Amino acid sequence: MADKKPRILVSNDDGYFSEGLRSLVEAVSPLGEVWVVAPDREQSAASHSISLNRPLRITEVREHWFAVDGTPADSAYLAIHHLMKDDRPRIMVSGINHGANLADDVNYSGTVAAAREAAFMGIPSIAFSLVSRPPFDFQYAARFARSLVAAALAQPQLPPRMLLSVNVPRGEPTGYSVTQLGRHSYGYDVVEKEDPRGRKYYWIGGSAYEYEDIPGSDCNAVHLDRRISVTPLHFELTDRRVMGELTGWSLEGFTRFDMARGGD
């Protein structure tokens with residue numbers, strides 16, 4: 001039917017009960033038929049882990065709202081290949097994450113991983129993150145999410161493997177910019193402790209935040225300009241420069257054969 005509402009899949013890594021997810025659902029609900037398939041517990045920094053060594057369970061919270069006892073990527077996989085397989089979503093949105101996913105964060109983020117898993121399967125996807133610490137105010141991120149998703153749905157055709165990472169500064173933003181990934185660091189602390197039985201244990205992950213001043217980066221947009229950053233990501237991980245260098249290496253006892261290369 002021509003007037004059929006587009007299906008919108010919503011997931012996250014903070015759990016199906018999180019405030020950020022509820023804000024995102026409320027924001028995009030006027031735009032289509034919303035389905036929520038999200039982890040049943042907090043899964044921050046789960047990255048793109050999928051569960052292959054144990055069964056997964058799905059709990060129906062209410063109509064079109066499901067909790068999965070797995071990772072964010074599991075949730076996206078089960079949504080698209082099982083729960084929504086007869087009518088796949090037109091677009092997938094993930095978040096709103098309770099914290100930043102700037103620069104290298106996209107490699108660790110469960111929020112981005114849920115969107116990436118959907119994009120792998122040909123569903124255009126957007127991950128939304130709020131660059132803030134508690135207390136969280138999702139109103140501006142939710143407003144931007146509605147506007148961006150509406151614009152995406154208005155396009156005649158979207159790249160099927162489109163993946164956008166959106167970061168919203170705390171408070172009212174001054175606008176938005178289309179950006180590249182920046183570089184930042186939280187430090188590299190390792191805190192050693194000892195349990196009551198004398199066994200050592202460790203906490204990893206620092207708290208000393210620094211970012212590089214890179215014009216056009218997501219870090220600059222959010223931290224310096226107080227703008228929302230919209231960063232398109234892709235899946236091409238081949239380093240073609242190093243490929244060229246490797247062809248000059250001489251490996252004793254082995255013959256190298258040149259392979260046909262695809263386009264850049």
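At 33% relative accessibility, Arg226 counts as partly exposed, because that class covers values between the buried limit of under 20% and the exposed limit of over 50%. The model that gives this value is predicted. Arg226 sits in the loop between helix α5 (residues 218-224) and strand β13. Its phi is near 55 degrees, a positive value in a residue other than glycine. Such a value deserves a remark, since most residues other than glycine have a negative phi.

His64 can be read in a similar way. This residue, not a glycine either, has a positive phi of about 65 degrees. The loop that holds His64 runs between β3 and β4. With a relative accessible area of 21%, His64 is partly exposed; the value does not count as buried, because buried means under 20%.

The backbone has two further points to look at, this time in the peptide bonds. Most peptide bonds are trans. The bond from Gly95 to Ile96, however, is cis, with omega near -10 degrees, and Ile96 belongs to strand β5. Another cis bond leads from Pro134 to Pro135, with omega near 0 degrees. Pro135 is found in the loop between β6 (125-131) and α4 (139-153).

From the loop of Arg226 the chain leads to strand β13. This strand spans residues 228-233, and five of its six residues are buried, so the rest of the structure largely encloses it. Which strands pair with β13? One of them is β7 (residues 163-169), which pairs with β13 in the antiparallel sense over five bridges. Within this pairing, Val166 stands opposite Val230 of β13. Strand β8 (residues 176-178) is also joined to β13, by three bridges, and these two strands run parallel. Here Val178 is the residue that stands opposite Val230. Val230 therefore faces Val166 of one strand and Val178 of another, as β13 pairs with both under the rule of at least two bridges.

Helix α2 (residues 72-83) offers another view of burial. Its buried residues are Pro72, Ala73, Asp74, Ser75, Ala76, Leu78, Ala79 and Ile80. An α-helix has 3.6 residues a turn, so residues three or four places apart point the same way. What covers the buried residues of α2? The cover includes the strands β1 (7-11), β2 (33-39), β3 (58-62), β4 (65-68) and β5 (91-98), together with helix α3 (110-120). Two of these strands, β3 and β4, flank the loop of His64, and another, β5, contains Ile96 of the first cis bond described above.

Key
Residues numbered from 1 in each chain as written. Predicted model: local features only at pLDDT ≥ 70, side-chain atom pairs only at ≥ 80, totals over all residues. Heavy atoms only, no water. Buried < 20%, exposed > 50% of the residue type's maximum accessible area, 1.4 Å probe, protein only. Helix = DSSP H or I, 4+ residues; strand = E, 2+ residues; numbered from the N terminus. Contact = heavy atoms within 4.5 Å.
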